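Please find below some notes on the model you sent round. They are numbered so that you can reply point by point.

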Amino acid sequence: TLASGVGRRDLAVKLHRCRFTRYRFRHACWRVQEALDEQGIAYEVVAAPTFPRGRRTEVLEHTGQHFLPAIELEDGTWWREDSKDMAAAIRAGKLG
């Protein structure tokens, strides 16, 4: 799924998140997705396996963790922190 906010930035970003897209409040993955939308950053949603978390091999390989959300940037680097910190950084214009 390719999503885009107001188109303020044209970045190739992949948001690795859980499959539970309908939970929008107080949910880690939604918190980061909402911040991307607010900033107008285009992204592709990559739905990671839910359980067992060990099946999140790509996320684990690139972040050293099995937690979501994680962002894969255009240059191939990955970014993973607490979702509140990620959302705050995105809103401050400091993606990654």
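1. Confidence. pLDDT is the predictor's confidence in each residue, on a scale from 0 to 100. This is a predicted model, in which local features need pLDDT of at least 70 and side-chain atom pairs count only at pLDDT 80 or more, while totals for chains, interfaces and linings use all residues. Residues are numbered from 1 along each chain as its sequence is written, and side-chain values use heavy atoms, with hydrogens and water left out. The chain has a mean pLDDT of 82, with 78% of its residues at 70 or more. Confidence is lowest in strand β1 (residues 2–3), where the mean is 38, and highest in α3, where it is 96. Residues 1–8 have a pLDDT below 50, and beyond near neighbours in sequence this stretch has 16 contacts in the model; a contact means heavy atoms within 4.5 Å.

2. Layout. The chain holds three helices and five strands, in the order β-β-α-β-α-β-β-α from the N terminus. Helices (H or I, at least four residues) and strands (E, at least two) are DSSP runs, numbered from the N terminus. Of the contacts between residues at least 6 apart in sequence, 60% join residues at least 24 apart. Buried residues account for 42% of the 96 residues; buried means under 20% relative accessible area, exposed over 50%, and partly exposed in between (1.4 Å probe, protein chains only).

3. Nonpolar cores. A nonpolar core is a set of buried Ala, Val, Leu, Ile, Met, Phe, Trp, Tyr and Cys residues joined through side-chain atoms within 4.5 Å. The largest one has 16 residues, and those touching the most other members are Val13, Leu36, Ile71, Trp79, Ile90 and Leu95. β2 (9–17), α1, β3 (41–47) and α3 each give two or more residues to this core, and α3 supplies the largest share, four residues. Another core, of seven residues, lies apart from it and includes Cys18, Cys29, Ala48 and Trp78. Leaving aside neighbours within four places in sequence, Val13 is in contact with Ile41, Ala42, Tyr43, Glu44, Ile71, Glu72, Leu73 and Leu95.

4. Helix α1 and its ends. Which residues of helix α1 are buried? In this helix (residues 28–38) they are Cys29, Trp30, Val32, Gln33, Ala35 and Leu36. An α-helix has 3.6 residues a turn, so residues three or four places apart point the same way. Before the helix, His27 sits in the loop between β2 and α1. A polar atom of the His27 side chain lies 3.3 Å from the backbone nitrogen of Cys29. Outside its neighbours within four places in sequence, His27 is in contact with Arg17, Cys18 and Phe20. After α1 comes Gly40, with a positive phi near 70°.

5. Salt bridges. The whole structure contains two salt bridges, a salt bridge being a side-chain nitrogen of Lys or Arg within 4 Å of a carboxyl oxygen of Asp or Glu. Arg91 forms one with Glu34, with closest N and O atoms 3.7 Å apart. This pair links distant parts of the chain, as Arg91 is in helix α3 (residues 83–91) and Glu34 in helix α1, 57 residues apart. Arg91 also forms a salt bridge with Glu38, with closest N and O atoms 2.6 Å apart. Arg91 lies in α3 and Glu38 in α1, so this pair ties together parts 53 residues apart in sequence. Through shared partners, Glu34, Glu38 and Arg91 join into one network.

6. Surroundings of that network. Arg91 is partly exposed, at 35% relative accessible area; Glu34 is partly exposed at 30%, and Glu38 is partly exposed at 43%. Glu38 and Ile90 are 52 residues apart in sequence, with their C-alpha atoms 9.2 Å apart in space.

7. Glu72. What is the nearest side chain of opposite charge to Glu72? It is Lys14, 4.5 Å away, and Glu72 is buried yet has no salt bridge. For charge, Lys and Arg count as positive and Asp and Glu as negative, while His and the chain ends are not counted. Glu72 is found in strand β4 (residues 70–72). Its side chain makes a polar contact of 2.9 Å with the side chain of His16. A polar contact is a pair of N or O atoms within 3.5 Å; within protein, one must be able to donate a hydrogen and the other to accept it, and residues adjacent in sequence count only if both atoms are side-chain atoms. Leaving aside neighbours within four places in sequence, Glu72 is in contact with Ala12, Val13, Lys14, His16, Thr77 and Trp78.
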